[in-house]
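Morning, everyone. I have one chain to walk you through, so let's put it on the screen.

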Amino acid sequence: MSNRSLKITVVGGGAAGFFSAITCAKMYPQARVTLLEAGRQLLAKVRISGGGRCNATHACFDPAILVQNYPRGGKALRGAFTRFQPRDTVEWFASHSVTLKTEADGRMFPVTDDSATIVNCLIRAAEDAGVQIRTGDAVVLVKQLTWDIGEDGHAPSTAPRFEIELKSGEKLKCDRLLLATGSNPSGFKWAKDLGHTIELPVPSLFTFNISDSRIQDLAGVSVANAKVKLPGAKLEQSGPLLITHWGLSGPAVLKLSAWGARFLHDRHYRAPVLINWLPQYNPEVLRQQLLGVKSQLSHRLVVSSCPFPIPRRLWERLTSAIGIDEPKRWADISNKTLDKLLQELVQGEYQITGKGAFKEEFVTCGGVNLKEVDFKTMESRRCRGLYFAGEILDIDGVTGGFNFQSAWTTAWLAGSAIGT
């Protein structure tokens, strides 16, 4: 079939849908590329991502290191990132007059600090490339067309392979179909109907609901570097930790939630979590420091003389939790109580009672089984002419721009191959 007559339909007007449609339209200018979006607003998730700034990617330019930020999908992405990685993302946006900047933690944002910069860039690039963008066109059914086999043993080369039925009743036929429907259940259903296995979608990147007197009313208090562990899953993560009205958040918790997504889902988000508020210290060094403080600052009140770099209000709660009240001085503290304090500082146990929402990113683990997709082209191994990009796949990254990067990469690969 010549590219002149090739009809390509992309379902989903998010980051992956747009990027794949743009890539395809530019690489195969003779093809007719149509993008269908059920909602009236394009790139809605991009608009609100990163607190409205759009964390477009992460400044990690070594594929071997980059893949370590994906609880699911890292192995499949290893080769993909050698073909399109964050450096390519930066260059792509630069070639479309959008400059990305790198923040101290490696996250990359447009210099405007406005997600509209990314949104407008993608829409403009799609229009310039000749992509037909249709909003308010909800897909209700996708089916693979079958044709009578000719004398040569093949179906007619000019026969469209898919039929898409819209909510309006309109039916569209196309030669290639790309599903970039994110975590929308409809997308999973269509993929399943077309022969794919769907790994159970469950939330990733969420906060922990914890009701505990040690952190109650401390919303807004943060620790620059803490270590959180899920002992039942043998998982741990380090990084900034934030106490909230409902429990715990911050990068350390969000990363742990991503790696422990299935473990916590299977336990209905009820599990113990251990917190080390001072992971930069060896426990034995901490013990010696506590003994030194007891000796050198014996007449000082314990609650008002915290010898470690943690917030004073948190220190007051932790000491109170083990029975060290206001009038007690360091000289009054027994070695047994010091051991309790040490335990509280490096291995305090808290109970997760549920999950909260992380509003900046809506990420799901689960989706199309990766073994059923060719990661050189993103074409289905089960259904010829069907392609995937973005979060519909069983890929998810930790917070920091990694989910957008997997969307750009899979979309670029799909867009580059779908017109052949």
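I'll start with the whole chain, then take two helices, and finish with a few single residues.

First, a caution: this is a predicted model. The chain contains 13 helices and 22 strands. Its C-alpha trace spans about 95 × 40 × 40 Å along the principal axes. Of the 420 residues, 53% are buried. Now contacts. Take those between residues at least 6 apart in sequence: 73% of them join residues at least 24 apart.

Surface and charge next. The chain exposes about 18,800 Å². Carbon and sulfur atoms supply 48% of that area. There are 50 positive and 40 negative side chains. The centres of those two sets lie 2 Å apart.

On to helix 1, residues 15–27. It has 13 residues. From first C-alpha to last it reaches 18 Å, close to the 18 Å expected at 1.5 Å a residue. How many of its residues are buried? The count is 11 of 13, so to speak mostly covered. Among the buried ones are Phe18, Phe19, Ile22 and Cys24. Polar side chains are on that list too, including Ser20 and Thr23.

Now helix 12, residues 335–347. Run the length check again. At 1.5 Å a residue, its 13 residues should span 18 Å, and the end C-alpha atoms are 18 Å apart, which agrees. Which residues are buried here? They are Leu338, Leu341, Leu342, Glu344, Leu345 and Val346. Keep one general point in mind: an α-helix has 3.6 residues a turn, so residues three or four places apart point the same way. Look at Leu338, Leu341, Leu342 and Leu345 with that in view; each of them is buried. What covers the buried residues of this helix? The cover includes strand 16 (271–276), helix 10 (283–296), helix 11 (312–321) and strand 17 (348–352).

Helix 11 brings us to Thr319, which sits in that helix. Thr319 has a relative accessible area of 0%, so it is buried. Thr319 touches Leu341, one of the buried residues of helix 12. Leaving out residues up to four places away in sequence, its other contacts are Val302, Val303 and Ile324. Thr319 and Lys294 are 25 residues apart in sequence, and their C-alpha atoms are 14 Å apart in space.

Next, Asp396. Where is it found? It is in the loop between strand 22 (386–388) and helix 13 (402–417). Is Asp396 buried or exposed? Its relative accessibility is 0%, and therefore it counts as buried. Its side chain has polar partners. A polar contact of 2.6 Å joins Asp396 to the side chain of Arg72. Another, of 3.2 Å, joins Asp396 to the side chain of Ser204. Beyond four places in sequence, Asp396 also touches residues including Asn69, Tyr70, Pro71, Ala258, Cys365 and Asn403.

Last, two backbone cases. Asp217 is not a glycine, yet its phi is positive, about 65°. Asp217 is placed in the loop between strand 12 (208–209) and strand 13 (222–230). With 60% relative accessibility, over the 50% cut-off, Asp217 counts as exposed. Met378 also has a positive phi, near 70°, in a residue other than glycine. Met378 is in the loop between strand 20 (373–374) and strand 21 (379–380). Met378 is buried, with a relative accessible area of 0%. So the two loop residues come out on opposite sides: Asp217 counts as exposed, and Met378 is buried.

Notes:
Residues are numbered from 1 along each chain as its sequence is written. This is a predicted model: local features need pLDDT of at least 70, side-chain atom pairs count only at pLDDT 80 or more; totals for chains, interfaces and linings use all residues. Side-chain values use heavy atoms; hydrogens and water are left out. Helices (H or I, at least four residues) and strands (E, at least two) are DSSP runs, numbered from the N terminus. The expected span of a helix is 1.5 Å times one less than its number of residues. Buried means under 20% relative accessible area, exposed over 50%, partly exposed in between (1.4 Å probe, protein chains only). Contact means heavy atoms within 4.5 Å. A polar contact is a pair of N or O atoms within 3.5 Å; within protein, one must be able to donate a hydrogen and the other to accept it, and residues adjacent in sequence count only if both atoms are side-chain atoms. Accessible areas come from the Shrake-Rupley method with a 1.4 Å probe; for residues, only the protein chains shown count as cover. Lys and Arg count as positive and Asp and Glu as negative; His and the chain ends are not counted. The place of a charge is taken as NZ of Lys, CZ of Arg, CG of Asp or CD of Glu.
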